[in-house]
Amino acid sequence: MPDRNKPDNNQTTDNRPALTIDEARDAILNLIPQTTKTEMVTLLNAVGRVSVSDIHAIHDIPAFRNSAMDGYAIRHQDADNNRTFNIIGSSLAGHPFTKNLAEGEAVRVTTGASVPDNASAIVIQELVERNADVFTTSATVQENQYIRNVGDDINVEQLLIASNSQLTSADAGLLAAQGMEQTEVFAKPRVGVFSTGDELCTPPNTLQTGQIFDSNRTTIQSMLKTAGIDSIDLGICRDDPEDLQRLMKSGTDYDFLLSSGGVSVGEADYVKQVLENNGELLFWKVAMKPGKPLVSGKLTNGAFYFGLPGNPVSSMVTCLQFVIPAIHAMSGATYKPPMVLQAKCLTELKKEPGRFEFQRGNAKVEESGELTVSTTGLQDSHVLSSMSQANCFICLEQHASGAKQGTHVSIVLFDSYSAL
Ligand code: AMP
Ligand code: MG
């Protein structure tokens with residue numbers, strides 16, 4: 001029995017069924033080692049990076065009992081019968097009042113200010129009648145009302161952040177609240193990106209007949225940047241095995257080398273052959289559209305290589321589904337699938353059974369509250385405007401044959417991806 005999850009280096013004799021996208025991603029992620037390099041970063045630079053070890057709290061939060069409202073701290077048992085209270089002082093945020101309360105005494109408090117040790121309730125200022133240093137209240141008072149207790153939020157030694165977490169703004173705030181200024185994260189992989197193709201042109205050159213401007217490098221590097229990945233621009237490689245080999249040899253300087261174009265079966269498509277001569281070609285047939293079979297490999301100089309398809313939408317989708325998860329895996333992150341929603345499809349969708357399709361759509365919440373989606377139109381893999389105009393993928397299962405107007409389809413909002 002052939003192993004569907006093992007990369008096959010001889011695609012011409014490969015009769016195995018194509019892998020699903022998840023199977024292909026798992027197979028790739030299984031090959032990517034987590035980096036052993038780490039660095040300290042300031043908290044402002046920590047968001048999107050991945051924690052190296054478990055981080056435990058060293059302070060309770062709140063660290064002292066404090067008021068949740070502007071008002072008066074009292075002993076709750078004193079509050080019966082329209083009681084009059086004497087205000088004996090005030091505790092402002094940052095300026096605590098340190099004495100205890102005697103019966104019938106109160107302390108003016110603001111939000112976040114510490115409360116006297118024996119105060120057991122806050123009466124909010126809207127519910128008192130104050131006259132000079134005296135107030136009365138007819139409000140009912142519950143024990144502990146509007147008091148934030150020590151450790152309500154975080155207890156000393158509690159796990160704050162688990163290792164291998166991709167840090168969020170709230171995580172950075174949690175660490176700041178512990179008095180930390182820096183945290184240890186995995187180092188970023190070094191990524192080089194180039195385009196292949198004799199037809200490619202870049203400004204300030206002007207287009208000659210048959211040429212196009214290179215857009216893939218800009219799209220791919222922008223996606224990487226948006227996903228928190230730094231990349232080096234390696235320019236354009238001609239459809240020339242020697243030029244390609246020269247770039248592959250620069251893999252010593254990178255953890256990942258990414259190219260687009262030159263992976264189909266045309267006579268100018270050299271990526272597979274040159275990769276085979278300079279390392280190990282790993283190949284998976286993936287049943288997805290857009291996205292030709294994914295060419296990837298490991299160069300003898302150590303870099304992982306991904307040869308993305310040349311068509312602009314295909315290169316974006318394969319970068320999103322495989323390359324970015326792979327780069328994130330090296331920097332310690334675990335893959336998190338995006339959230340799939342169900343939307344009523346307002347347009348008919350055409351599809352042949354056989355491959356999972358990422359069609360481009362526009363999702364909207366109607367006035368009724370219903371989530372709907374419509375196609376952006378032409379779905380060919382060269383139509384980059386379909387990505388630019390869309391706000392979601394319409395995800396059509398491998399064996400599905402399109403969708404009728406009015407039926408429900410799965411969608412993933414572009415906002416769910418860190419790269420779009
Ligand atoms: P290829 O895989 O090299 O045969 O390219 C497939 C299609 O994608 C062709 O129409 C190419 O002109 C186009 N293409 C390849 N590379 C790029 C690029 N960097 N930017 C825009 N289009 C490209
Ligand atoms: Mg080409």
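1. A good place to start is the ligand, where a backbone N or O atom of Asn216 lies 3.3 Å from a nitrogen atom of ligand 1. Please keep in mind while reading that this is a predicted model. A backbone N or O atom of Gly262 is found 2.8 Å from an oxygen atom of ligand 1, and in Glu199 an N or O atom of the side chain is 2.6 Å from an oxygen atom of the ligand. Ligand 1 has 15 residues around it, and those that come nearest are Glu199, Asp214, Ser215, Gly262 and Gly310.

2. The next feature to find is the open sheet, which is built of 6 strands in the order 16-13-17-21-20-18 and has mixed pairing. Its edges are formed by strand 16 (232-237) and strand 18 (279-284), each of which pairs on one side only. On average, and with direction ignored, neighbouring strands of this sheet are turned by 20 degrees against each other.

3. At one of these edges, strand 18 runs antiparallel to strand 20 (residues 294-299), and 6 bridges join the two. To follow one such bridge by eye, take Glu280, whose bridge partner in strand 20 is Lys298. Helix 6 (residues 312-330) packs on the sheet, where it touches strand 13 (191-196), strand 17 (256-260), strand 20 and strand 21. The direction of helix 6 makes about 170 degrees with that of strand 21. Helix 1 (residues 21-31), for its part, lies across strand 18, strand 20 and strand 21 (304-308), and it runs at about 155 degrees to strand 18.

4. Helix 2 (residues 169-177) deserves a careful look, and a student may ask which of its residues are buried. They are Asp171, Ala172 and Leu175. These residues cover an arc of only 100 degrees around the axis, and therefore they sit on the same side of helix 2. The general background is that an α-helix has 3.6 residues a turn, so residues three or four places apart point the same way. On the other side of helix 2, Ser169 and Ala170 are exposed. The cover over the buried residues of helix 2 includes strand 2 (55-56), strand 11 (159-161) and strand 12 (182-186). After helix 2 comes Gly179, which has a positive phi near 85 degrees.

5. Some backbone angles should be checked against the usual pattern, which is that most residues other than glycine have a negative phi, and most peptide bonds are trans. Tyr146 is not a glycine, and yet its phi is positive, at about 60 degrees. Tyr146 is placed in the loop between strand 9 (134-136) and strand 10 (147-148), and with a relative accessible area of 37% it is partly exposed. Asn164, also a residue other than glycine, has a positive phi near 65 degrees. The loop that holds Asn164 is the one between strand 11 and helix 2, and at a relative accessible area of 25% Asn164 is partly exposed.

6. Two peptide bonds also call for attention when the backbone is traced. The bond that joins Pro203 and Pro204 is cis, with omega at about 5 degrees, and Pro204 belongs to the loop between strand 14 (200-201) and strand 15 (212-213). The peptide bond from Lys289 to Pro290 is cis as well, its omega being near 0 degrees, and Pro290 is found in the loop between strand 19 (288-289) and strand 20.

7. Is Asp243, in helix 4 (residues 241-249), buried or exposed? Its relative accessibility is 14%, which is under the 20% limit, and so Asp243 counts as buried. The side chains of Asp243 and Arg246 are joined by a polar contact of 2.7 Å. When neighbours within four places in sequence are left aside, Asp243 is in contact with Cys237 and Arg238.

8. A last residue to set beside Asp243 is Ser138, which is placed in the loop between strand 9 and strand 10. Ser138 has a relative accessibility of 63%, and because the limit for this class is over 50%, Ser138 counts as exposed. From C-alpha to C-alpha, Ser138 and Leu127 are 7.6 Å apart in space, while in sequence they are 11 residues apart.

Conventions:
Residues are numbered from 1 along each chain as its sequence is written. Chains are lettered from A and ligands numbered from 1 in the order in which they are written. This is a predicted model: local features need pLDDT of at least 70, side-chain atom pairs count only at pLDDT 80 or more; totals for chains, interfaces and linings use all residues. Side-chain values use heavy atoms; hydrogens and water are left out. Two strands pair if DSSP finds at least two bridges between them. Helices (H or I, at least four residues) and strands (E, at least two) are DSSP runs, numbered from the N terminus. Axes are lines fitted to C-alpha atoms, for helices over the stretch in contact, and angles run from 0 to 180 degrees between N-to-C directions. Contact means heavy atoms within 4.5 Å. Buried means under 20% relative accessible area, exposed over 50%, partly exposed in between (1.4 Å probe, protein chains only). The arc is that of the directions from the helix axis to the C-beta atoms. A residue is near a molecule or strand if one of its heavy atoms lies within 4 Å of it. A polar contact is a pair of N or O atoms within 3.5 Å; within protein, one must be able to donate a hydrogen and the other to accept it, and residues adjacent in sequence count only if both atoms are side-chain atoms.
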